[in-house]
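Colleague: Let me go through the terms one by one. For each label, tell me why it is used.

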Amino acid sequence: MQIHFITASLTAALVGVLTTLFVGFPKQVPTTTEKAMNTTLIVAERHDEPTDSTTFRGTFTNDEYQVWITIDFYGSTVTVPEQELFGQLPGYLGAKRDPRKWFITDATITSPKTAHLEIINDYGSEDLEATLTQLNDSTYQLHQDDGSPLRIVVKSKWVKLPKTLVLIRSKQ
């Protein structure tokens, strides 16, 4: 007995051809709104990738809170030290005084100087959305938009990081 598999795309194409043969070609003309939506989507796709591929790659630190982020939003090639089980991610946030990490699970570059981030703690019990903005060549701002606050442990006590955190590119 042989089992034959047809992929979803091949099945969809076959259904489309059969529908056209038996029902005929659709006579529906796209509305002005549908045309505008299609144009908008094409324009939005052009802004996904900034021309500079180093803007959202590197390590950035905040000395006041002794935290850093390591990111690569272009290839998601960051492996969190001692957390290799999670594979390669767009990045993570770490602290000098706290062994826990916050994982950047998704990063979408929304403009040449701005990225939208989804972040979770290493237990998966807290998550948040944030925006990372390049202010100049070496200075970035991480702003927590929605969700749980970023927290680290300092001397056995939880410390909330401010909603807006300024980070400086490390010279590595």
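**Labels and their reasons**

Colleague: Why is Glu82 called exposed?
Modeller: Its relative accessible area is 74%. Exposed means over 50%, buried under 20%, and partly exposed in between, with a 1.4 Å probe and protein chains only. The value of 74% is over 50%, so Glu82 counts as exposed.

Colleague: What are the ground rules for the numbers?
Modeller: This is a predicted model, in which local features need pLDDT of at least 70, side-chain atom pairs count only at pLDDT 80 or more, and totals for chains, interfaces and linings use all residues. Residues are numbered from 1 along each chain as its sequence is written, and side-chain values use heavy atoms, with hydrogens and water left out.

Colleague: Where is Glu82, and what is its phi?
Modeller: Glu82 sits in the loop between β3 and β4. Its phi is near 65 degrees, a positive value in a residue other than glycine. Ser76 also has a positive phi, about 50 degrees, and is not a glycine. Ser76 belongs to the loop between β2 and β3.

Colleague: Why does Ser76 count as partly exposed?
Modeller: Its relative accessibility is 27%. That falls between the two cut-offs, so the label is partly exposed.

Colleague: How many helices and strands are there?
Modeller: Two helices and twelve strands. Both are DSSP runs numbered from the N terminus: helices are H or I with at least four residues, strands are E with at least two. From the N terminus on, the order is α-α-β-β-β-β-β-β-β-β-β-β-β-β.

Colleague: What is the order of the strands in the barrel?
Modeller: Eight strands close in the order β1-β2-β5-β6-β7-β8-β9-β12, with antiparallel pairing. Neighbouring strands of this sheet are turned by 30 degrees against each other on average, direction ignored. Axes here are lines fitted to C-alpha atoms (for helices over the stretch in contact), and angles run from 0 to 180 degrees between N-to-C directions.

Colleague: How do you know that β12 pairs with β9?
Modeller: Two strands pair if DSSP finds at least two bridges between them. Five bridges join β9 (residues 139-147) to β12 (residues 164-169), so they pair, in the antiparallel sense. Thr139 has Ile168 in β12 as its bridge partner.

Colleague: And what makes β1 a partner of β12?
Modeller: Strand β1 (residues 57-62) and β12 share two bridges, so the criterion of at least two is met. This pairing is antiparallel as well. Thr61 stands opposite Ile168 in β12.

Colleague: Why is the pair of Trp68 and Tyr92 called edge-to-face?
Modeller: Rings of Phe, Tyr and Trp (its six-membered ring) pair if their centres lie within 6.5 Å; planes under 30 degrees apart count as stacked, over 60 as edge-to-face and the rest as tilted. Trp68 and Tyr92 lie 6.4 Å apart, centre to centre, with 85 degrees between the planes. The distance is within 6.5 Å and the angle over 60, so both tests are met. Trp68 lies in β2 (residues 67-72) and Tyr92 in β5 (residues 91-95), so the pair ties together parts 24 residues apart in sequence. Both residues are buried.

Colleague: Why is the pair of Phe86 and Phe103 tilted?
Modeller: The centres are 4.8 Å apart and the planes are at 50 degrees. That angle is neither under 30 nor over 60, so the pair is tilted. Phe86 lies in the loop between β3 (78-79) and β4 (88-89), and Phe103 in β6 (residues 98-111). Phe86 is partly exposed at 41% relative accessibility, while Phe103 is buried at 2%.

Colleague: Which residues form the aromatic cluster?
Modeller: Phe56, Phe60, Phe73 and Tyr140. The structure holds five aromatic pairs.

Colleague: What makes Arg151 a charge over the ring of Trp158?
Modeller: The rule asks for NZ of Lys or CZ of Arg within 6 Å of the ring centre and within 35 degrees of the ring normal. Arg151 lies over the face of Trp158, at 4.4 Å from the ring centre. That distance is within 6 Å, so it fits the rule's distance limit.

Colleague: Where is the model's confidence low?
Modeller: pLDDT, the predictor's confidence in each residue from 0 to 100, stays under 50 over residues 1-15. That stretch has one contact (heavy atoms within 4.5 Å) beyond four places in sequence. Residues 35-50 are below 50 too, with nine contacts beyond near neighbours in sequence. The protein averages 79, and 69% of the residues score at least 70.
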